[in-house]
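User: Please show me the structure, and then let us discuss its charged side chains and strands.

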Amino acid sequence: DILLTDMGGRTALLLLDEINGEIYETYIYPGEGCLCELTVRDGTEVTPSMGEEILAVKDFTIEGRPGGFLELSARDTDGVTVSRLVHLANSSGYSVR
């Protein structure tokens with residue numbers, strides 16, 4: 001499953017996956033000057049400081065759009081902004097948690 005959720009007051013992408021009968025949650029979210037990732041077992045209390053930096057960016061946003069689309073936007077350290085619409089194929093779209 002793919003969900004939008006809150007991580008420290010910012011919108012985060014939440015990916016749920018089952019591995020050997022256990023559910024894991026992977027959060028992708030904006031940090032301070034970076035994009036962060038955090039993977040934990042389902043039910044673990046999380047805070048933004050628990051994640052690891054995966055990419056230096058000045059800004060990163062995730063927004064739900066009609067029709068099952070997500071808009072991902074990032075501004076890199078040179079100030080260049082890139083936005084992409086992502087449609088979740090073979091899925092009922094995304095949910096908000």
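User: Before we begin, on what basis are residues numbered and features reported here?

Analyst: This is a predicted model, in which local features need pLDDT of at least 70, side-chain atom pairs count only at pLDDT 80 or more, and totals for chains, interfaces and linings use all residues. Side-chain values use heavy atoms, with hydrogens and water left out, and residues are numbered from 1 along each chain as its sequence is written.

User: How many salt bridges does the structure hold?

Analyst: Side chains of opposite charge can pair when their charged atoms come close. A salt bridge is counted when a side-chain nitrogen of Lys or Arg lies within 4 Å of a carboxyl oxygen of Asp or Glu. The number of salt bridges in the structure is four.

User: How many residues apart in sequence are the parts that Arg41 and Glu22 tie together?

Analyst: The side chains of Arg41 and Glu22 form a salt bridge, with N to O at 3.9 Å. Arg41 belongs to strand S4 (residues 34–41) and Glu22 to strand S3 (residues 22–30), so the pair links parts whose separation in sequence is 19 residues. Strands here are DSSP runs (E, at least two residues), numbered from the N terminus.

User: What is the relative accessible area of Glu22?

Analyst: Buried means under 20% relative accessible area, exposed over 50%, and partly exposed in between (1.4 Å probe, protein chains only). Its partner Arg41 is partly exposed at 47%. Glu22 is also partly exposed, and its value is 33%.

User: Which residues are joined into one network by salt bridges that share partners?

Analyst: Arg65 meets Glu63 in a salt bridge of 3.1 Å, N to O. Arg65 also forms a salt bridge with Glu71, where the closest N and O atoms are 2.6 Å apart. Through shared partners, the network consists of Glu63, Arg65 and Glu71.

User: In which strand is Glu71 found, and with which strand does S7 run antiparallel?

Analyst: Glu71 is found in strand S7 (residues 69–75). Two strands pair if DSSP finds at least two bridges between them. Seven bridges join S7 to its antiparallel partner, strand S8 (residues 81–87).

User: Which residue in the turn between S7 and S8 has a positive phi?

Analyst: Leu70 has Val86 as its bridge partner in S8. S7 and S8 form a hairpin with five residues between them. In the turn, the residue with a positive phi, of about 90°, is Gly79.

Technical notes. Helix = DSSP H or I, 4+ residues; strand = E, 2+ residues; numbered from the N terminus.
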